[in-house]
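User: I'm new to this one and would like to know how its labels are earned. Could you take me through it?

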Amino acid sequence: MSMDIKALVREQAEAWSGVIPPNAVSEELAAGFSSLMAGLSALRGQLAFEDEPSSFEAALQATKEPNP
Amino acid sequence: MNIAVKHASALTALSLTEAAEAVAKGETTAVELAKAALDAIVAGDERVNAFIWLDAETALETAAALDKVPMAERGKLHGVPLAHKDMYYKAGKLSTCGSKIRAEFRPGYTATVIERLEAQGSFALGGLNMAEFAQNATGHNQHYGHCHNPWGLDYCPGGSSSGSGAAVAARFVYAALGSDTGGSIRLPASLCGVTGIKGTQTRVSRHGVMPLSFSADNVGPLARTAKDCARIMAVIAGHDPKDPTSAKEPVPDYEASLDGDLKGLKVGVPKNYFLDDVDPEVMAAFEAMLEVLKGRGATLVPVTIPHIEAVATYGGVVSRVEGATIHAEWMRQRPQDYAVHLNSRLYASMGIPAVVYAEALARRGPILKEIAAVVFSQVDVFVAPTIRCKAPTLLSTDVDAGTPGALDAFNRLSLNTRPINYMGLPSVSAPCGLDSNGMPIGFQVQARPFGEGKALKVADAFQRDTSYHRERPPGFAV
């Protein structure tokens, strides 16, 4: 897959939030999203339909220490 | 050395619980503790830069008033001077959040945790240095000057609660509140050679505390010992009607469980992720720590943490997106008022799509359940090095200075801490050695949700057989 991640982030940040890149480092960080995207891509297929809606607070209760 | 100086040095050498006990027995006073702390700050903070502001006059007035309180009316922390990361609101007092944007911010109300600490007789000396808006792991601050590690002034003290770790290590205060969204209590605890705890997500009220990430922010103490942390957690934990997200779980007497006995306790040692690419010196300290736990009766059990790749990936997404949301207005109006490492992070985080953020949140509960089913069915706690690498220097991690490789070094620090925030587990970091540069190494203990007592018990047992938590940074030994 070939894409300009910097441009993608720039477009999204400006279009949806009205924020423009404040400096060159910000664009470098945006470009670094390629590894995050790869990580997310590797997780595809694991989200079960029944997981939604999911309450994290309920999970904390369900898994809590029995003898605190 | 005159007797007064010798006495002050002995006072600052005490742990928090020892200092509280000394006041309770009439062996010292709040004023004496405050003066000893202020003397240490005057002598050492020019080098460390742990304080953003100091209010000695109010502290001494408060201490004098506390000394007049009848013994029968005194609390668990009576007369003990503290200081907190400069993001805990106290009505009318400065709370800079380590930022230029809030340089003059004086909130109109007080954080619940501050009220609870004061109700037990503690008082604060000032506001501690921190990463700008609690958003870096290193201790850099472009607006108030970088905080320095008392163990080696060129080294990172860790962040974001940099001043909290440094002030406790330098013996300026007996304990300090920090906050932890991706490791911000445990990282400075590890790098500064002190003990710190992040409780279960929702364990401690966040009312009156500067937000960073609604889903992952935690309030907790840094102190010299696990026992000190247990004392403070028992004071600050528990439901707060002003923070509806705080848990209604009863708060146990954490100190009562600290008996040093680990017989029958199963300690998990991760087979995956947490020991990847660990520096050999860090690994040696970690393995020596395991032997101490075995000596106390613990059984070591190798465990595989399920879904750890998902945890590591999603963990960064949640806090980044929520941080960007909170700062969106200032990023539109005054992005130049942030440091480069922060406005660049906030900007980039706005490029993460909502559906990815929602996916990260949706999977959090199911993943926690599976981790509990797989890991905590086999062990009571699991341990890991708090940080995989040796302490880095401030220069090597300075993104704003343009140091080559700084971004990578910056991100490497929180590899082992950030996943724990996503899991929502309680986690204690305690010192377990010094590296060849003389800088502290730490380990972290994780327990089931609301199992803070077990994590503290393991750290306390380790500290009964070791002295790393008692050692002072060389330049700060009076």
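**Salt bridges, contacts and a sheet**

Analyst: Sure. A search of the whole structure, which is a predicted model, turns up 20 salt bridges over all chains.

User: What makes R10(A) and E27(A) a salt bridge?

Analyst: The rule asks for a side-chain nitrogen of Lys or Arg within 4 Å of a carboxyl oxygen of Asp or Glu. The closest N and O atoms of R10(A) and E27(A) are 3.4 Å apart, so the pair passes the 4 Å cut-off. R10(A) sits in helix α1 (residues 5-17) of chain A and E27(A) in helix α2 (residues 24-31) of chain A, 17 residues apart, so this pair links distant parts of the chain.

User: How many salt bridges run across the interface of chain B and chain A?

Analyst: The rule finds two there. One of them joins the side chains of K454(B) and E65(A).

User: Why is the pair K454(B) and E65(A) called a salt bridge?

Analyst: Here N to O is 3.1 Å. That is within the 4 Å limit, so the name fits. As background, side chains of opposite charge can pair when their charged atoms come close.

User: Which elements of chain B give two or more residues to the side that touches chain A?

Analyst: They are α10 (308-326), α11 (328-333), α12 (340-349), α13 (354-374) and α15 (418-423) of chain B. α13(B) gives the most, with eleven residues. By type, that side of chain B divides into 25 nonpolar, twelve polar and eleven charged residues.

User: How many residues does each chain bring to the contact, and what area is buried?

Analyst: Chain B brings 48 residues and chain A brings 39. About 3,600 Å² is buried between the two chains, with carbon and sulfur atoms giving 70% of that. On the chain B side, Y347(B), M350(B) and R363(B) lose the most area to chain A, together 18% of what that side buries.

User: There's a three-strand sheet in chain B; why is it called open?

Analyst: The strand order is β1-β3-β2, with mixed pairing. β1 (51-54) and β2 (81-85) of chain B stand at the edges with a single partner strand each, so one side of each has no neighbour in the sheet. From one strand to the next, the twist averages 35°.

User: How do you know that β2(B) and β3 of chain B are paired?

Analyst: Pairing takes at least two bridges. β2(B) and β3 (residues 123-128) of chain B have four, in the parallel sense, so they qualify. Within this pair, L82(B) stands opposite A124(B) in β3(B).

Key: Residues numbered from 1 in each chain as written. Chains lettered and ligands numbered in written order. Predicted model: local features only at pLDDT ≥ 70, side-chain atom pairs only at ≥ 80, totals over all residues. Heavy atoms only, no water. Contact = heavy atoms within 4.5 Å. Buried area = accessible area lost by both parts, 1.4 Å probe. Nonpolar A, V, L, I, M, F, W, Y, C, P; charged D, E, K, R; others polar. Axes fitted to C-alpha atoms, helices over the stretch in contact; angles between N-to-C directions.
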